[in-house]
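Please open the structure in the viewer and keep the selection panel at hand. The tour below proceeds from one selection to the next.

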2 protein chains.
Amino acid sequence: MKFSIQRQTFLKYLTDVQRAISPKAAIDILHGFKLELFPDALKLTGSNADITIQTIISISDEKANLQIFEEGSVVLSANIFSEIIKKLPADELEVSVDSRLQTTITSGKAEFTILGQDADMYPHLPELSAQSSLVLSSDILKKVIDQTSIAISNQESRPLLTGIHLLITDQKLLAVATDTHRLSQRTIHLGEAAGDAHYDLVIPGKSLKELAKMLNDDHSEVEIQIADNQVLFILGHTSFYSRLLEGNYPDTKRLIPQTSETTATFNAQSLLQAIERSSLVSHAGRNNVVKFTLDVENQEVIITGNSPEVGTVEESISFSELTGKNLEISFNPDYMRDALRSLGNTETTLEFTMPLRPFILVPTEAENDFIQLITPVRTA
Amino acid sequence: MKFSIQRQTFLKYLTDVQRAISPKAAIDILHGFKLELFPDALKLTGSNADITIQTIISISDEKANLQIFEEGSVVLSANIFSEIIKKLPADELEVSVDSRLQTTITSGKAEFTILGQDADMYPHLPELSAQSSLVLSSDILKKVIDQTSIAISNQESRPLLTGIHLLITDQKLLAVATDTHRLSQRTIHLGEAAGDAHYDLVIPGKSLKELAKMLNDDHSEVEIQIADNQVLFILGHTSFYSRLLEGNYPDTKRLIPQTSETTATFNAQSLLQAIERSSLVSHAGRNNVVKFTLDVENQEVIITGNSPEVGTVEESISFSELTGKNLEISFNPDYMRDALRSLGNTETTLEFTMPLRPFILVPTEAENDFIQLITPVRTA
């Protein structure tokens with residue numbers, strides 16, 4: 001096996017594939033990149049138990065300037081190989097593998113020799129027999145992942161809750177995550193192109209967070225293929241496979257209150273700053289709790305926090321509207337912080353029912369498409 | 001005690017003083033800022049066993065906009081207080097301390113209450129009875145510290161070597177650090193203003209590294225006052241005290257070879273890159289060693305490295321001059337890397353005597369003012 005390639009372009013592809021490679025993987029060969037050289041392309045594969053990323057560099061890719069001298073395949077230690085590629089002196093590099101898998105990497109006047117592993121020992125990818133596929137815009141998919149992943153559980157005791165539930169039906173995509181203390185739900189209208197597609201799947205949160213890092217903030221298309229136990233995202237020349245989580249995701253629809261007794265509308269950004277101030281005190285205490293006092297008659301919203309370890313905080317918060325019944329409610333400010341951060345600089349309405357019932361945050365615009373729910377904390 | 005002040009300016013001063021405060025300090029009250037309010041200024045103090053930083057904010061400082069309502073003093077938890085100041089909502093803030101040391105911090109509509117400690121319990125600074133002082137330019141002092149501190153030892157078994165040795169005599173300042181494997185020496189010509197000043201002191205490396213972070217890259221003046229067991233650096237309104245290390249620093253002069261058998265001149269930047277490439281292999285091995293082969297007849301310099309764990313590297317390095325005897329010499333590439341980084345993008349000459357004798361790196365310009373020495377490694 002022997003090829004030459006443009007260094008920076010090669011490095012970019014390697015970095016994408018390396019996202020799937022974990023030093024924790026139990027199978028030693030998965031610590032490496034698989035390189036496969038065909039008559040017209042170089043295929044790179046990286047994988048761990050959950051994710052596999054594969055990319056194809058074609059000889060027609062002018063930036064890559066791939067020159068193929070001899071076909072073949074090898075597995076090379078991902079850490080060492082990518083560090084070498086990063087530090088090589090020239091714009092171009094050559095990789096050459098002999099029959100004993102001795103791999104020579106040459107660039108300018110520098111020459112590295114490392115030992116590769118047999119590519120036949122690399123695990124085979126499960127075949128994906130997808131009947132149909134779905135197309136989303138890259139920026140929308142990225143946003144859905146960012147907005148829902150905040151509520152993913154990190155408790156392995158309930159594996160399903162470590163994933164994001166995607167329900168595709170009626171030409172809509174509903175994405176939900178919950179750790180039982182909070183919930184984030186995002187709806188995307190797919191339009192007629194979605195036809196009568198119907199899918200119900202749970203994708204590991206870690207997979208989607210890695211995928212989000214590879215998604216561009218543009219309108220480039222991402223094709224999604226779904227099979228029984230795998231999902232494949234196709235981004236240009238790169239394929240991102242993830243296993244699915246098995247089982248039935250809990251019915252989250254009934255958790256979201258349909259009515260409210262008190263509503264208050266804030267600028268998400270300035271409410272976030274007040275929450276972060278109150279956290280300075282609550283984080284030092286044993287119970288990470290702050291209290292909202294919504295006084296409708298006097299048109300005042302007060303946030304208070306106290307911990308014997310640090311002291312107290314009290315702040316009157318600006319709002320644009322406050323209606324309904326008076327209310328005192330206590331909650332974990334970190335949940336509120338995460339929810340507000342995902343909203344950015346928008347107007348946000350908080351809708352409460354009772355002091356011990358979950359309340360929701362919705363952006364004033366498009367309120368049905370993005371709902372975040374927080375369960376309050378019972379205080380003495 | 002009660003004052004108001006401009007938040008951003010106050011934060012900048014607090015951040016400077018906080019450099020001296022360590023959560024590891026054994027005395028609890030040293031985890032706090034001491035605030036002392038006089039009729040015309042606010043004095044902030046932070047300290048640990050080695051360093052004390054003190055700054056004075058005057059009522060004439062327009063940016064600070066300090067308003068003094070009631071004199072007094074208090075000690076406030078550095079972590080909590082600086083976090084609160086960072087996150088306060090308005091441009092101005094007010095601090096008010098009652099007779100029970102309850103401290104209220106108000107800004108905009110936010111109000112924090114934290115408990116302070118009695119400033120009388122704060123340790124007293126040792127008095128500094130300096131007879132004379134020395135003035136250096138901030139950027140030069142910063143450079144001297146950066147260039148010599150790379151060779152400081154981190155072995156507490158020989159405390160003196162964890163410091164930088166400063167010898168001021170004959171209108172010159174000589175700064176030296178060594179960990180016995182390498183040495184870095186910088187000379188500064190003080191000029192006639194230094195008079196017949198003569199000092200010989202060792203300042204803890206940690207102190208000087210903290211000081212360097214506070215020094216500007218400009219020609220502002222730093223006044224240095226030296227007493228028996230303390231040194232004081234005065235930067236505008238800020239005073240930086242450090243204890244000195246006791247004992248006689250080893251005589252390093254005799255370590256530096258005065259002649260050479262082989263010399264080679266490189267661009268420091270491109271030699272650094274080759275060293276970093278060779279380290280990719282050497283770092284993976286048990287002995288972190290690379291080999292230089294200087295072939296004067298064939299006018300070639302080769303760097304090689306190998307480790308059974310990773311593989312081999314070989315590179316022919318560009319140079320501008322190579323004279324003297326042929327030589328093979330092995331060394332720790334990390335020492336060479338640190339030395340070259342401190343040289344920046346300059347021409348550098350390496351002067352060797354024998355394979356097992358220390359060699360030196362000197363910038364081609366100003367070669368006597370900056371010398372770095374590296375002890376080679378004996379290989380089988």
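Begin with chain A and chain B together; between them, 10 residue pairs are in polar contact, with both residues of each pair at pLDDT 80 or more. The model is a predicted one. A search for salt bridges between chain A and chain B returns zero.

Next, hide chain B and colour the side of chain A that touches it. The elements giving two or more residues to this side are α2 (78-87), β9 (110-115), α5 (268-282) and β21 (311-317) of chain A. Among these, β21(A) provides the largest share, seven residues. Colouring this side of chain A by residue class shows 13 nonpolar, five polar and eight charged residues.

Now restore chain B and select every residue in the contact: 26 residues belong to chain A and 26 residues to chain B. The area buried between the two chains is about 2200 Å², and carbon and sulfur atoms give 61% of that area.

For a closer view, select β9(A) together with strand β21 (residues 311-317) of chain B. These strands run antiparallel and are joined by five bridges. Which residue of β21(B) is the bridge partner of A:Ala110? Select B:Glu315, which is the partner in question.

Finally, return to chain A and colour it by domain. The domain assignment gives domain 1 (2-121), domain 2 (133-243) and domain 3 (256-374). To conclude, display the C-alpha centres of domain 1 and domain 3 of chain A, which lie 50 Å apart.

How values were computed:
Residues are numbered from 1 along each chain as its sequence is written. Chains are lettered from A and ligands numbered from 1 in the order in which they are written. This is a predicted model: local features need pLDDT of at least 70, side-chain atom pairs count only at pLDDT 80 or more; totals for chains, interfaces and linings use all residues. Side-chain values use heavy atoms; hydrogens and water are left out. Contact means heavy atoms within 4.5 Å. Buried area is the accessible area (1.4 Å probe) that two parts lose on being put together, summed over both. A salt bridge is a side-chain nitrogen of Lys or Arg within 4 Å of a carboxyl oxygen of Asp or Glu. A polar contact is a pair of N or O atoms within 3.5 Å; within protein, one must be able to donate a hydrogen and the other to accept it, and residues adjacent in sequence count only if both atoms are side-chain atoms. Helices (H or I, at least four residues) and strands (E, at least two) are DSSP runs, numbered from the N terminus. Ala, Val, Leu, Ile, Met, Phe, Trp, Tyr, Cys and Pro count as nonpolar, Asp, Glu, Lys and Arg as charged, and the others, Gly among them, as polar. Two strands pair if DSSP finds at least two bridges between them. Domain bounds come from an automatic or database domain assignment.
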